[in-house]
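Open the structure in a viewer and keep the sequence panel beside it. The stops below are given in the order in which to select them.

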Amino acid sequence: SNKSWLYFYKTNLLFSMYKQQIINYLTQHKQSNLKLKAVLFDMDGVLFDSMPNHAEAWNKVMKRHNLDMNKEEVYMNEGRTGRGTINLVCQREHGRDATDEEVTKIYEEKSDLFNSLPTAERMKGAYSLLLKVKSEGLIPMVVTGSGQHSLLKKLEKHFPNTFKEDYIISAYDVKHGKPDPEPYLMALKKANISANEAVVVENAPLGVESAVRAGILTLAVNTGPLDDSILLDAGADIVFPSMQALADNWDLLQNDILYCSKNSGKKKK
């Protein structure tokens, strides 16, 4: 039927599209293959639909302190540590970094307001993707700029027996938050793997930049209001419209990774 032909055409179009992006990654990073051992997930906007709450909390608390941060700017700067975000706005509006006292006060108020908002649900498609990742024997890891205990505890509640504590990198573990590559380099170190043995799932431009600078194949899921081009400009190798789309196409992506790795390896010999 026309419908099944269209489905075949679309899936095969996707199939070949991934191949080109994977080959581009291998060429750019001078890798001969990709041998996946771990999948590194950002948390807000990837595992949880929590970004609208973060945007509201930052926007309102900054206003209280006579600072201006609109909601789109929150999405643009997602992944920074709390201190980094506050300093960014203070530098712009006052030409200086915030004092330690200001950082503590603003971040505490922001966390309190965030925690008072309706609880963010699990991102649609995230759990089914994690079940696939686990069934394939890959290590699931979390790499987040968050320093909020409430969200770290939520991982176990919403994704039971999925993330080991050693495989969660948060604001507490790093000196430099995203877009610095340190969070993702630390994840590789903790899992004792190389950059070509992992793939990153990110939704924010700064997170994408961090992962790309760490040399890892970076999949962006556009779960916020930003244009795809912003994620591509940050260096994303492939952009998916949602976590559900990534989950649905995970097997195709895996097949393309295997295909490109085998053929790239042959050419090098």
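Start with helix α2, residues 51-64. With three residues, α2 gives the largest share of the lining of the largest cavity. Bear in mind throughout that this is a predicted model.

**Stop 1: the largest cavity**

Keep α2 on display and add α4 (82-94) and α5 (100-116); each of these helices supplies at least two residues of the lining of the largest cavity. The space inside amounts to about 240 Å³. Now select Asp44, Trp58, Glu78, Gly79 and Arg80, which are the closest to the centre of this cavity among the 21 residues that line it. Colouring the lining by class gives five nonpolar, 10 polar and six charged residues.

**Stop 2: the second cavity**

The structure holds two cavities of 30 Å³ or more. For the second largest, select Thr81, Thr144, Gly145, Ser170, Ala171, Val174, Gly177, Lys178 and Pro183, which form its lining. Its volume is about 40 Å³. By class, three of the lining residues are nonpolar, five are polar and one is charged.

**Stop 3: Lys178 and the cis bond**

Stay on Lys178, one of the residues lining the second largest cavity, and step to the next residue. The peptide bond from Lys178 to Pro179 is cis, with omega near 15°. Most peptide bonds are trans. Pro179 sits in the loop that runs between β3 and α8.

**Stop 4: helix α8**

Follow the chain into α8, residues 182-191. Which residues of this helix are buried? Select Glu182, Pro183, Tyr184, Ala187, Leu188 and Ala191. Pro183 has already appeared in the lining of the second largest cavity. To see what the buried residues of α8 pack against, show the strands β1 (38-41), β2 (139-143), β3 (168-169) and β4 (198-202), together with helix α9 (205-213). Just after α8, Asn192 takes a positive phi of about 60°.

**Stop 5: strand β4 and its partners**

Next select β4, where five of five residues are buried. Turn on the side chains: Ala198, Val200 and Glu202 point one way, while Val199 and Val201 point the other way. In a regular strand the side chains alternate between the two faces of the sheet.

Add β1, which runs parallel to β4 and is joined to it by four bridges. Phe41 has Val201 as its bridge partner in β4. Then add β5, residues 217-221, which pairs with β4 in the parallel sense, also over four bridges. Here the bridge partner of Val201 is Leu219. Trace the chain from β4 through α9 to β5: this β-α-β crossover is right-handed.

**Stop 6: Ala211 in α9**

Within α9, select Ala211. Is this residue buried or exposed? Ala211 counts as buried because its relative accessibility is 0%, below the 20% cut-off. Beyond its neighbours within four places in sequence, Ala211 is in contact with Tyr184, Val200, Ile216 and Thr218. Of these, Tyr184 is one of the buried residues of α8, and Val200 is one of the buried residues of β4. For a distance check, pick the C-alpha atoms of Ala211 and Lys178: they are 8.5 Å apart in space, with the two positions 33 residues apart in sequence numbering.

**Stop 7: Asn87 in α4**

Return to α4 and select Asn87. With a relative accessible area of 13%, Asn87 is buried. Outside its neighbours within four places in sequence, Asn87 is in contact with Arg96, Asp97 and Ala98.

**Stop 8: two asparagines in loops**

Finish with two loop residues. Asn66 lies between α2 and α3 (71-76), and its phi is near 55°, a positive value in a residue other than glycine. Asn161 lies in the loop between α7 (149-158) and β3, and its phi is likewise positive, about 50°. Most residues other than glycine have a negative phi. How do the two stand with respect to solvent accessibility, buried or exposed? Asn66 is exposed, with a relative accessible area of 65%, and Asn161 is exposed with a value of 65%.

Key:
Residues numbered from 1 in each chain as written. Predicted model: local features only at pLDDT ≥ 70, side-chain atom pairs only at ≥ 80, totals over all residues. Heavy atoms only, no water. 1 Å grid on protein atoms, 1.4 Å probe; cavity = no way out; pocket = protein on both sides within 12 Å on 5 of 7 lines; lining within 4 Å. Points joined across faces, edges and corners; volume = space filled by probe spheres on them. Nonpolar A, V, L, I, M, F, W, Y, C, P; charged D, E, K, R; others polar. Buried < 20%, exposed > 50% of the residue type's maximum accessible area, 1.4 Å probe, protein only. Contact = heavy atoms within 4.5 Å. Pairing = 2+ DSSP bridges. Right-handed = clockwise from strand over helix to strand, strands pointing away.
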